[in-house]
Amino acid sequence: MSQNSIDEQAFARAKEVARRRAICRKSVLAFIDLCVRIEDLDSVGAETSFQLWDGQKKALEAFQTSRLMIVLKARQLGLTWLALAYILWKMVFNIGYTVVGLSKGEDEAKELVRRLVFVLERAPKWLIRYHKDAPKDWNGPTWEDQTLNLRIHHGEGKAPSRFLAEAASRDSGRSFTANMVLIDEWALQQWAYEIWQAAYPTINRPTGGQVIGISTAKPGTLFHDLWKNSPDNGFTRVFLSWDTDPRRDRDWYEATKKALPRTYRA
């Protein structure tokens with residue numbers, strides 16, 4: 001094979017990589033379709049492509065168009081995976097993009113980072129590489145993680161994008177400035193009122209800042225109050241019922257009612 005042929009092939013590969021990156025940069029749906037794989041809970045240790053249901057697509061559209069988002073959902077509908085996929089899209093294609101993830105406890109905070117790592121480990125090599133394993137001639141983003149944080153590097157001299165996970169506590173939200181705050185299982189978090197009073201000013205900027213709050217229902221909580229008062233309070237609400245998962249039919253619903261007679265509505 002001649003040197004010219006090798007150069008032409010290398011040029012063609014680089015051109016295709018640039019085309020794919022441009023498509024993913026422009027569309028989060030394309031990014032999820034081409035780059036995101038998640039755990040398949042029906043098979044231990046398995047993974048699957050992230051094929052979005054209609055309700056998930058509705059939530060994703062709201063993520064892109066709303067500054068304050070509140071999502072009331074049934075359990076096991078993949079909304080945390082969806083929010084993390086959206087967050088990775090923002091971090092990969094925006095220099096210095098900072099996200100804070102608030103969870104009800106330290107184990108749950110660690111789980112957010114673990115899921116991000118799960119997706120990044122399976123992301124295509126033309127998109128992103130693990131920082132320590134990236135070849136010297138690699139000019140794309142790289143990532144590295146610790147227990148409660150993850151960084152995406154965009155090259156020397158450029159600010160990294162960061163995901164910082166925190167457990168809910170009285171002091172959560174007081175020491176950061178972020179582009180986005182993800183609040184997972186918001187209705188189950190202790191100190192929710194105190195955290196919100198501290199966290200909201202950090203993203204309440206005229207030029208940006210976003211909040212995505214996700215939870216199942218629990219009356220008498222801050223999440224419940226914000227849901228009831230939306231959209232007058234500025235929040236865009238999205239409701240995903242039990243049948244958002246198209247595999248859940250009426251027989252499944254009736255069986256669930258029998259197994260959880262007091263709590264199935266939640």
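Student: Let's start with one residue. Is Cys35 buried or exposed?

Tutor: Cys35 is buried, and its relative accessible area is 2%. Keep in mind that this is a predicted model.

Student: Which other cysteine has the sulfur closest to that of Cys35?

Tutor: That is Cys24, with its sulfur 3.7 Å away. Cys24 is also buried, at 0% relative accessibility.

Student: Why is there no bond between the two sulfurs?

Tutor: A disulfide needs the two sulfur atoms within 2.5 Å. At 3.7 Å, the sulfurs of Cys35 and Cys24 are too far apart for a bond. A search of the whole structure finds zero disulfides.

Student: Which residues of helix H2 are buried?

Tutor: A general idea helps here. An α-helix has 3.6 residues a turn, so residues three or four places apart point the same way. Helix H2 covers residues 28–35, and its buried residues are Val28, Ala30, Phe31, Ile32 and Cys35.

Student: What caps the N-terminal end of H2?

Tutor: Ser27 does. One of its side-chain oxygens lies 3.3 Å from the backbone nitrogen of Leu29.

Student: Where is Val36 placed?

Tutor: Val36 sits in the loop between H2 and strand S1 (37–40). Val36 counts as buried, at 2% relative accessibility. Leaving aside neighbours within four places in sequence, its contacts are Phe31, Ser49, Phe50, Ala85 and Val119.

Student: Now the core. How many residues does the largest nonpolar core have?

Tutor: First, the general idea. In soluble globular proteins, nonpolar side chains tend to be buried together. Here the largest nonpolar core has 58 residues. Phe31, Ile32, Phe63 and Phe163 have the most contacts inside it. Helix H4 (residues 79–93) gives the most to this core, with 13 residues. There is also a second, separate core of 21 residues, which includes Ala168, Ile203, Trp227 and Phe235.

Student: What is Phe163 in contact with, beyond its neighbours in sequence?

Tutor: Leave aside residues within four places in sequence. Then its contacts include Leu84, Ile87, Met91, Val99, Leu112 and Leu116. Gly101 and Asn149 are also among them.

Student: How do I read the sheet?

Tutor: Strands of a sheet pair through backbone hydrogen bonds, either parallel or antiparallel. In this model, nine strands form an open sheet with mixed pairing. Their order is S5-S6-S7-S8-S4-S9-S10-S3-S11. Strand S5 (129–130) and strand S11 (236–240) are the edge strands, and each pairs on one side only.

Student: How many bridges join S3 to S10?

Tutor: Five. Strand S3 (residues 68–73) and strand S10 (residues 210–215) run parallel. Leu68, for one, has Val211 in S10 as its bridge partner.

Student: Which helices lie across the strands?

Tutor: Helix H3 (residues 54–65) lies across S3, S10 and S11, and runs at about 165° to S11. Helix H5 (residues 106–121) lies across S4, S6, S7, S8 and S9, and runs at about 150° to S8.

Student: One last residue. In which helix is Gln56 found?

Tutor: Gln56 belongs to helix H3. It is buried, with a relative accessible area of 1%.

Student: What does the side chain of Gln56 reach?

Tutor: It reaches the backbone oxygen of Leu77, at 2.9 Å. Leaving aside neighbours within four places in sequence, Gln56 is in contact with Phe50, Gln51, Leu77, Gly78, Leu82 and Thr244.

Key
Residues numbered from 1 in each chain as written. Predicted model: local features only at pLDDT ≥ 70, side-chain atom pairs only at ≥ 80, totals over all residues. Heavy atoms only, no water. Pairing = 2+ DSSP bridges. Helix = DSSP H or I, 4+ residues; strand = E, 2+ residues; numbered from the N terminus. Contact = heavy atoms within 4.5 Å. Axes fitted to C-alpha atoms, helices over the stretch in contact; angles between N-to-C directions. Core = buried A, V, L, I, M, F, W, Y, C linked by side-chain atoms within 4.5 Å. Buried < 20%, exposed > 50% of the residue type's maximum accessible area, 1.4 Å probe, protein only. Polar contact = N/O pair within 3.5 Å; in protein donor to acceptor, adjacent residues only side chain to side chain.
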